[in-house]
Structures are given as C-alpha cells and as structure tokens.
Amino acid sequence: MTDTDLPAAMAEPVTRVRGGWTSLLFLANIGLWLGIYAPIQVLLPEQAELLDSANKELVFGVVTGVGAVVSLFANPLIGLASDRTRSRFGRRHPWTLLGAMVGALGLVILALAPSVVVMTIGWCVVQAGLNGMLATLTSAVPDRVPVEQRAQIGGLVGISQMLGTVLGAVVVTVLVTSLPGGYLACAIVVVLGAMAFVLRTPDLPLPRAWRPSNRWRDVLAELWVSPREHPDFAWAWSCHFLINLGNALGTFYLLFFLKDSVHYPDPDTGLLIMMGLYGAALVVGGLTVGRLSDRSGRRKPYVWLAVIVMAAAAFILTAWQTWPAALAASPLLGVGFGAYWAVALAILTQVLPAAQDRAKDLGVVNIANLLPQVIAPFAATIILANVGGYPGLFAAAGIATLAAGAMITGVRKVR
C-alpha cells in the first residue's frame, strides 16, 4: 500500500502543531509519568519497607519487575488495538482515557494494599493502564507532528517525563505525606491530564470502510518487526533500550543509596533536591538540543553527546558515594537525558516501518523503555549483593549508556 492509498488518519503530517495542542500533550504526559515514577521513586520503596523492612530491596525489585512484565505486553497490544480502532471519537483517544482510568484504579488498590501480594497486583494494574495511555500518547507525535518539528516536541516529551518525576516527588513528599494519600493524589493527576488532552484535541477517526484483517494469526504477526527487513528500526531500538537500562540502573535505587551508602540524614529531602537539579538540567538539555537538531536536521551527533555526559554522571557516583558527588552527577544526568530524549523520538518515528502500524510499532519501541524496568531491579539486586555494591551498580549504568552510543551508529536513514 502506498502513502496515497492511506486514510487521512494515517497520512504523514505536514502542518506544524501549535502551542495549545503541544501544551495539552505535555500536561497529559506529565500526569502519566507522575503516576509511574512517584510510586517507583518514593511510594513503592516506602511501602516495601513498611510491609517487609528486612527484605525491602527484594520486595521492591519483585513488585517493580512483575509490573514491568505486564507493561511489556500491555504497550504493544494496546497500541495495536488503537491502530485498528474505528470509533467516531478517534482511534487513540478512547484508549488514552481508558488507560488513565485503569491506571488510577491500580493506584487506589496500592493505597489500600495490606500485603505484598495486593501491592504487586495493584502495581500490575497501574502498569497495564498507564502503558496503554503511553502507547497512544506517543503515537500522537507521528500522527500529528511533521518530521521537521519532532525534535522540539520530542524534547518536550522527555521534559514531561522527568518533570512528572520531579513533581511526583514533590507531591508525595511535601504536599501529601501519607502513603495512601500520595497514591490517591497520583490517580487524580493522571485522570485530569488524560481528560484535558482527550476533550480538547482532535483525533482523526479511521473510515468505517477501513477493515484490516481480524484473523488472530495476522494480528499476532503484526507484533513482530523483523530486524533483517528494518535494520534502522532495530539499531535505534537497541540504542533506546541501552540508554533506558543505564538510566534505570542509575536511578531506581537512589532513595536507598542516599539512606544506606551516602547516609544522608533526610533521604526523602535529598532525593527531592537531586530530582530538582536533574529536572532543571533536563529542561535545558531538551529545549536546547531539540531546537538545534530540528534546525540542522541532524540527530546522531546529539545522541553521542548525551551518551558521554550521562556516562560521566554514572562514573562520578562509581568513584564517590558522597552527597557532593550526588549533587554533581544529578544535573549531568539530567542534561544528558534531556538532550537524548529531544532527538530520540525524532529518530524513532523516522524509522517506523509502516504508517498504518504507528502505535503498535511505537509500542514495540516502548518495550525498550519498559524492559529495563524488568531487568534493572533484578540485575541491581545481584550487583548490590555480589558485584561491588553501589559502585558496581553505577559502573554498570555507565557501561550500558556508552554501549548505546555504539548502537546508534548503525542507523543509516537518520543523520
């Protein structure tokens, strides 16, 4: 099928998006990431310690790991479903709102969880719902944003991820200090962000005559993207995976790092300070690199720059487990990750195999975001216990990040 045969909803966008649409996408993403990372950074570790203080690292690792496995299936499957949805309300918006509602339900379950088992179930529900929302919000970029604007929008998406993390830490450590209240506050923010985007932005529906195959074998076959047929997609996916693995190894256990290795007297406040520095630097990196990349049309040099800066942050904490080192590493990691995200979404959307499968293929891309959440908790548990403790953990983060720079070299379609 040629591009001229595609319905309008699948056509390559040519009109630049305006500030109102961008702002609503930004707010919806902030709510999404707040709902994911406020629990990961603060609430889940605290709940793990409350329910089983002797095995808090193991409980946290198991809960986040099992939840991440759920996300691996939810993201591409819901993306595939949205690609095939012919609702008069559009193909993405119904799934965005449903995902937000399911995610909020999971956060309510966590707020009431009396045991590790219920805590695990609640987090799995959160991951299923919010990863459905992630699949459709990510697809909004290639659906609506022309290529020459994607690095700037990608930078804002990256900023929303980290701003959601920072604001989540503020919400659950300053504004709402109880564990149940923190979860409920996250649920409210997630739903409000999704509703604002769904109700105030357009979502072109597929024509009723568009009838993709409903044979289950054909549907399942669509989930596979052949690295041999689409090598640029495979190289970009590998880079994205390694960047996120390095970031996960370096950030998942920061609260315990501040408490048990740095011995910072108030770990919650320390984490908030680190996240503030991280978030401010990420905004600078994302906005600056997004503008420069779109202006020049080049993407890969900014990935290499981001990789070097992020690896440097990891190796600082490998050498020194001190509060000053943590303060130095935080903005370095932030500016590097912001620079990477500014070009990452542009690169990944430029190497998608087929316009009619955008959400499904971006769901496969999002596995590169999510698989590290499965691997990192278990790998970190092993490293902390047997391979050098926190210095070994941060060294592994730096090595994974450097390897990402090698992967992006293989992408030929993007400069």
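In this predicted model, the count of disulfides comes to zero. Cysteine 124 helps to show why: the closest cysteine sulfur to its own belongs to cysteine 186 and lies 17 Å away, too far for a bond, given that a disulfide calls for two cysteine sulfur atoms within 2.5 Å. Cysteine 124 counts as buried, at 16% relative accessibility. Cysteine 239 is buried as well, with a relative accessible area of 1%.

A good place to begin with the helices is the pair formed by α1 and α6. Helix α1 covers residues 19-51 and helix α6 covers residues 179-200. Their axes come within 8 Å of each other and cross at roughly 165 degrees. Because angles over 145 degrees count as roughly antiparallel, α1 is roughly antiparallel to α6. The crossing of α1 past α6 is left-handed. The contact between α1 and α6 is made up of 18 nonpolar residues, five polar residues and two charged residues.

Another pair to look at joins helix α8, residues 231-251, with helix α14, residues 389-408. Here the packing angle is about 165 degrees and the axes are 8 Å apart. Helices α8 and α14 are therefore roughly antiparallel to each other. In passing α14, helix α8 makes a left-handed crossing. Cysteine 239, whose relative accessible area is 1%, falls within the residue range of α8, 231-251.

Helices α4 and α13 meet in another way. Helix α4 runs over residues 116-144, helix α13 runs over residues 358-386, and the two pack at an angle of about 130 degrees. Their axes are 9 Å apart. At this angle α4 and α13 are oblique to each other, and α4 passes α13 in a right-handed crossing.

Two residues of helix α13 help to place this helix within the fold. Arginine 358 is found in α13 and, despite its charged class, counts as buried at 3% relative accessibility. The C-alpha atom of arginine 358 is separated by 8.0 Å from that of aspartate 143, although their positions lie 215 residues apart along the chain. Asparagine 366 is also found in helix α13. Asparagine 366 is buried, with a relative accessible area of 3%. The C-alpha atoms of asparagine 366 and alanine 135 are separated by 7.5 Å, and these two residues are 231 apart along the chain. Both aspartate 143 and alanine 135 fall in the range given for α4, residues 116-144.

The stretch leading into helix α10 offers a change of scene. Serine 261 is found in the loop between α9, residues 254-260, and α10. With a relative accessibility of 22%, serine 261 counts as partly exposed, since buried means under 20%. The C-alpha atom of serine 261 is separated by 22 Å from that of isoleucine 375, a residue 114 places away along the chain. Histidine 263 lies in the loop between α9 and α10 too. Histidine 263 counts as exposed, at 57% relative accessibility. The backbone is worth a look at this point. Most residues other than glycine have a negative phi. Histidine 263, however, has a phi near 60 degrees, a positive value in a residue other than glycine.

Helix α10 itself spans residues 267-296, a run of 30 residues. From its first C-alpha to its last, α10 reaches 42 Å, which is close to the 44 Å expected at 1.5 Å a residue. Just after α10 comes glycine 297, where phi is positive at about 80 degrees. Positive phi values are thus found in the loop before α10, at histidine 263, and just after α10, at glycine 297.

How values were computed
Residues are numbered from 1 along each chain as its sequence is written. This is a predicted model: local features need pLDDT of at least 70, side-chain atom pairs count only at pLDDT 80 or more; totals for chains, interfaces and linings use all residues. Side-chain values use heavy atoms; hydrogens and water are left out. Helices (H or I, at least four residues) and strands (E, at least two) are DSSP runs, numbered from the N terminus. The expected span of a helix is 1.5 Å times one less than its number of residues. Buried means under 20% relative accessible area, exposed over 50%, partly exposed in between (1.4 Å probe, protein chains only). Axes are lines fitted to C-alpha atoms, for helices over the stretch in contact, and angles run from 0 to 180 degrees between N-to-C directions. Angles under 35 degrees count as roughly parallel, over 145 as roughly antiparallel, 65 to 115 as roughly perpendicular and the rest as oblique. A crossing is left-handed if the near helix is turned anticlockwise from the far one by less than a right angle, and right-handed if clockwise.
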